[in-house]
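Colleague: I would like a close look at one part of this model, the sheet and what lies against it. Please take me through it in one go.

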Amino acid sequence: MSILMFSILKKTTETYAKLFYSQIEFKCNSYNVVTKRSHKICQTMSKTALVILAQGAEEMETVITVDMLRRGGVTVTLAGLDGNSPVLCSRQITLVPDKSLSDALADSPQYDAVILPGGLEGSDRLSKSNVVGSLLKEHEKNGKIVAAICAAPTAFVAHGVAKGKRLTSYPTTKDKITGDYQYVEGERVVVDDNIVTSRGPGTAYWFGLKLIEMLTGKEKADQVEKGMIITGY
């Protein structure tokens with residue numbers, strides 16, 4: 001074989017090789033683009049919830065609600081009212097928030113649900129926070145879920161949220177729920193449009209289930225209930 005023919009053959013082989021590998025690279029990159037895009041769409045479609053953690057919060061209501069929502073496929077942010085430092089709760093149990101409330105709102109100014117755990121001290125701190133008040137009013141106005149359990153519905157009263165709605169709370173806080181509201185007793189969870197309230201630590205499981213149902217559907221709520229053996233044991 002002459003040197004000229006060998007050179008031509010070599011160049012032809014190299015050209016085909018480059019074309020072959022470039023096609024493979026294009027397909028791989030296309031696959032990655034599709035995969036990333038699909039993942040982004042899935043993330044976008046996921047429902048979101050913001051749970052606000054204040055010092056003195058009731059830890060069972062906080063943890064059970066966050067845990068159940070995550071089991072239900074909801075993207076939950078546990079945000080510290082006063083920062084991202086560990087928070088001492090009502091029964092001397094310390095919880096660590098995912099981030100501060102200010103950072104959570106900087107990341108996403110609106111969520112599909114804003115949820116307030118109870119606890120007397122925690123609820124009092126939520127009631128005195130202007131940031132929480134503005135957040136609740138904005139989400140209620142936009143038709144998002146606004147939820148509170150135990151003593152936390154008193155924060156609705158303090159901020160003028162959910163006026164005229166049916167709601168419930170921990171029994172000893174009933175007197176703090178003024179005539180602007182329709183107080184309900186004898187029900188674990190009370191739903192009035194986008195307002196959800198519940199009574200205390202013992203009703204936190206049903207509170208969580210109702211929020212899952214409203215955010216991701218009854219079928220998912222039933223799956224979570226069955227997996228946790230809340231009923232039917």
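Modeller: The model is a predicted one. A helix is a convenient place to start: α5, residues 130-141, lies across β1, β6 (113-116), β7 (145-149) and β11. Relative to β6, α5 runs at about 140 degrees.

The four strands under that helix, β1, β6, β7 and β11, belong to an open sheet of seven strands. Read across, the order is β5-β2-β1-β6-β7-β11-β10, and the pairing is mixed. The edges are held by β5 (99-100) and β10; each has a single partner strand, so one side of each has no neighbour in the sheet.

Two of the pairings show what mixed means here. Strand β1, residues 48-53, pairs with β2, residues 75-80, in the parallel sense over six bridges. Within that pair, Val 51 is found opposite Leu 78 of β2. At the β10 edge, β10 (residues 189-192) and β11 (residues 195-198) pair in the antiparallel sense, over four bridges. Asp 192 stands opposite Ile 195 in β11. These two strands make a hairpin with two residues between them, and Asp 193 in the turn has a positive phi of about 60 degrees.

As for open space, the largest pocket of the model has a volume of about 170 Å³. Its lining includes Glu 58, Ser 90, Arg 91, Gly 119, Leu 120, Cys 150 and Pro 201. By class, the residues lining this pocket are five nonpolar, three polar and two charged.

Methods:
Residues are numbered from 1 along each chain as its sequence is written. This is a predicted model: local features need pLDDT of at least 70, side-chain atom pairs count only at pLDDT 80 or more; totals for chains, interfaces and linings use all residues. Side-chain values use heavy atoms; hydrogens and water are left out. On a 1 Å grid over the protein atoms alone, a cavity is a set of points where a 1.4 Å probe fits but cannot get out, and a pocket is an open set with protein on both sides within 12 Å along at least five of seven lines; lining residues have an atom within 4 Å of a point. Grid points are joined across faces, edges and corners, and a volume is the space filled by probe spheres set on the points. Ala, Val, Leu, Ile, Met, Phe, Trp, Tyr, Cys and Pro count as nonpolar, Asp, Glu, Lys and Arg as charged, and the others, Gly among them, as polar. Two strands pair if DSSP finds at least two bridges between them. Contact means heavy atoms within 4.5 Å. Axes are lines fitted to C-alpha atoms, for helices over the stretch in contact, and angles run from 0 to 180 degrees between N-to-C directions.
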